[in-house]
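Please open the model in your viewer and keep the sequence beside it, since each stop on this tour begins with a selection.

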Amino acid sequence: MTGPTSPDPRPATRSAGTRSPTTAAFDHLPRPDAVAALLAVCSSPAWAEAVVDGRPYDELDALLAAADAELDRLDAGGISDALAGHPRIGERAIHSATSAREQAGMSAAPDEVRAAVAEGNAEYERRFGHVYLVCASGRSADELLAVLRERLGNTPEEEARRTRAELAAINRLRLTGLIVQDR
């Protein structure tokens, strides 16, 4: 796999008073509740259902490994479902607080960088047929634009692999933020 390393796997900062399930609590959630929790991580129903059906995990590392394995098993329709849950990088109207936090580096971007990202997004979608997906957490607008420009040079096969790798990184970051370990 080429490209930047995976994001920091530490849990995302949470608001005071927000509670997260522990891994043990996640293992014992009713199936519909567990699927709903995972759909907030990745919008592929096939992925969420498969991960839930693999319970119990007991530890976060086991859950993360299963999440990666199930992502690897997704067909094109499952990947399309997963991508549908992600807004374009730099869109001002982001549909979830999670995406807004992850794209915080775009919030103060100058208009010319926003315009270049919007233009790059459109070119990417024409070239590859889906939204440009990158694990944006902790990255500046300039870095996100540079990664976009670099990835426009990929072949469709290279980009399919890279998109899965970015989905895996985002899923791992979100799962880690969702689960508070029993330690």
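Which residues are exposed on the other side of H8? In this predicted model, the residues to select for that are Asp142 and Arg149, both of which are exposed. Now select the buried residues of helix H8, which spans residues 141-151: they are Ala141, Leu144, Leu145, Val147, Leu148 and Arg151. Turn the view until you look down the axis of H8, and these buried residues fall within an arc of 160°, so they line one face of the helix. To see what covers them, add helix H7 (111-128) and helix H9 (156-178), which are included in that cover.

Stay with helix H9 and select Glu159, which lies in it. Glu159 is buried, because its relative accessible area of 1% falls under the 20% cut-off for that class. If its neighbours within four places in sequence are left aside, Glu159 is in contact with Tyr124, Phe128, Arg151 and Asn154; Arg151 is also among the buried residues of H8.

For the last stop, select helix H3 (residues 45-53) together with helix H4 (residues 60-73), whose axes come within 9 Å and cross at roughly 140°. That angle makes H3 oblique to H4, and H3 passes H4 in a right-handed crossing. Show the side chains of Trp47, Ala50 and Val51 on H3 and of Leu63, Ala66, Ala67, Glu70 and Leu71 on H4, since these residues make the contact. Sorted by class, the contact of H3 with H4 comprises seven nonpolar residues, no polar ones and one charged residue.

Key:
Residues are numbered from 1 along each chain as its sequence is written. This is a predicted model: local features need pLDDT of at least 70, side-chain atom pairs count only at pLDDT 80 or more; totals for chains, interfaces and linings use all residues. Side-chain values use heavy atoms; hydrogens and water are left out. Buried means under 20% relative accessible area, exposed over 50%, partly exposed in between (1.4 Å probe, protein chains only). Helices (H or I, at least four residues) and strands (E, at least two) are DSSP runs, numbered from the N terminus. The arc is that of the directions from the helix axis to the C-beta atoms. Contact means heavy atoms within 4.5 Å. Axes are lines fitted to C-alpha atoms, for helices over the stretch in contact, and angles run from 0 to 180 degrees between N-to-C directions. Angles under 35 degrees count as roughly parallel, over 145 as roughly antiparallel, 65 to 115 as roughly perpendicular and the rest as oblique. A crossing is left-handed if the near helix is turned anticlockwise from the far one by less than a right angle, and right-handed if clockwise. Ala, Val, Leu, Ile, Met, Phe, Trp, Tyr, Cys and Pro count as nonpolar, Asp, Glu, Lys and Arg as charged, and the others, Gly among them, as polar.
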